[in-house]
Amino acid sequence: ERQLQEAPKPNVSAELPPALRAQESLNFDPALYDLRGEAAKLLEHAGPLVGFGSFEGASRELEDFTASESVFSSFKYEKHWRQCVREAEDFLVVYERLICEVVCPRLKELVSDEASQTTFFYQFPPTLRLQPGPSEQYRRVHRDAEYGHQDGEVNFWMQLTDPAKTKVTLWVESGPDVGDFKPFELDYGCIGMFHGTMCRHSVPANESPFTRVSMDFRIGIGRCFDDAWTLKGIPHVHGRRRCVL
């Protein structure tokens with residue numbers, strides 16, 4: 001965080017509105033946006049190809065994917081997995097429809113901006129995370145500012161697997177350094193929104209016998225976001241596309 005404090009600041013003309021710093025949830029119709037089904041197809045193809053897991057037996061339910069711990073803990077495998085997601089055209093088509101038809105319209109409602117149009121800079125591709133179980137591996141408490149994300153970004157997180165099976169979810173504090181961590185109690189079909197740049201969050205270990213799969217992404221908000229800014233020394237910078245509403 002010291003590196004972030006000493007770096008040049010993003011060039012923005014507006015502060016992120018309070019409504020976009022608060023936690024919220026958005027619902028979508030899984031029948032119209034079958035991200036779970038597309039993720040299963042992606043895993044069936046990419047898991048054996050890259051070597052981090054496979055479906056064993058007849059089941060193609062995401063929770064039954066047998067994944068190596070390396071896909072959760074190894075930067076090398078995470079890099080290969082990101083490339084697989086980047087090449088998953090059918091999955092990404094559904095993702096972009098979700099962004100442009102569900103997420104950005106809700107953000108537009110929350111933006112207190114007199115401008116007739118707002119540009120939303122959405123992450124592309126999204127981050128698709130696999131957390132095998134049972135395992136002691138977890139994601140430490142952190143805020144995304146540590147990884148070069150701006151104050152003008154909003155985080156979105158969603159389950160693709162059944163939390164009743166994995167019993168694992170994201171824990172988030174309600175405000176920066178408040179420390180009142182609470183779990184996102186979200187089923188598939190619901191997206192959690194929070195200001196992850198400044199609000200700390202973490203994921204505990206998956207002690208279940210099932211694999212947890214989740215998707216997360218960030219969206220930069222109009223005049224609150226500097227699309228040209230990056231934090232020097234960050235090894236991975238997410239790609240972005242635009243949705244104008």
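Which residue stands opposite F156 in strand 12? In this predicted model, the residue that stands opposite F156 there is F217, and the surroundings of strand 12 make a convenient starting point for the description that follows.

## Strand 12 and its partners

Strand 12 spans residues 212–221, and because 10 of its 10 residues are buried, the strand is largely enclosed by the rest of the structure. The burial extends to both faces, with R212, S214, D216, R218 and G220 on one side and V213, M215, F217, I219 and I221 on the other.

Three strands can be described as antiparallel partners of strand 12, beginning with strand 7 (residues 153–159), which is joined to strand 12 by seven bridges. Strand 5 (residues 127–131) pairs with strand 12 over five bridges, again in the antiparallel sense, and within this pairing R129 has S214 as its bridge partner. Strand 4 (residues 119–123) is likewise antiparallel to strand 12, with three bridges between them, and here F120 stands opposite I221.

## Helix 5

Helix 5 comprises 22 residues, 89–110, and reaches 30 Å from its first C-alpha to its last, which is close to the 32 Å expected at 1.5 Å a residue. The helix nevertheless carries a kink of about 35 degrees, centred on I99, and I99 is itself among the buried residues of helix 5. The other buried positions of the helix include F91, L92, V94 and Y95 towards lower numbers, and V102, V103, C104, L107 and L110 towards higher ones, while E96 is also buried.

## Nonpolar cores

The largest nonpolar core contains 52 residues, and those with the most contacts inside it are W81, L98, L128, F156, M215, I219 and I221. Helix 5 provides the largest share of this core, with 11 residues. A second core, separate from the largest one, is made up of nine residues, among them V168, L170, F184 and L186.

When residues up to four places away in sequence are set aside, L128 touches A39, L42, W81, V85, F91, L160, V213, S214 and M215. Of these contacts, F91 is a buried residue of helix 5, whereas V213, S214 and M215 are buried residues of strand 12.

## A four-stranded open sheet

An open sheet of four strands has the order 6-11-8-9, and its pairing is antiparallel. Its edges are formed by strand 6 (139–142) and strand 9 (182–183), each of which pairs on one side only. Strand 6 is joined by two bridges to strand 11 (residues 201–203), the two running antiparallel, and R139 has V203 of strand 11 as its bridge partner.

Technical notes: Residues are numbered from 1 along each chain as its sequence is written. This is a predicted model: local features need pLDDT of at least 70, side-chain atom pairs count only at pLDDT 80 or more; totals for chains, interfaces and linings use all residues. Side-chain values use heavy atoms; hydrogens and water are left out. The expected span of a helix is 1.5 Å times one less than its number of residues. The bend at a residue is the angle between axes fitted to the seven residues ending there and the seven starting there. Buried means under 20% relative accessible area, exposed over 50%, partly exposed in between (1.4 Å probe, protein chains only). A nonpolar core is a set of buried Ala, Val, Leu, Ile, Met, Phe, Trp, Tyr and Cys residues joined through side-chain atoms within 4.5 Å. Contact means heavy atoms within 4.5 Å. Two strands pair if DSSP finds at least two bridges between them.
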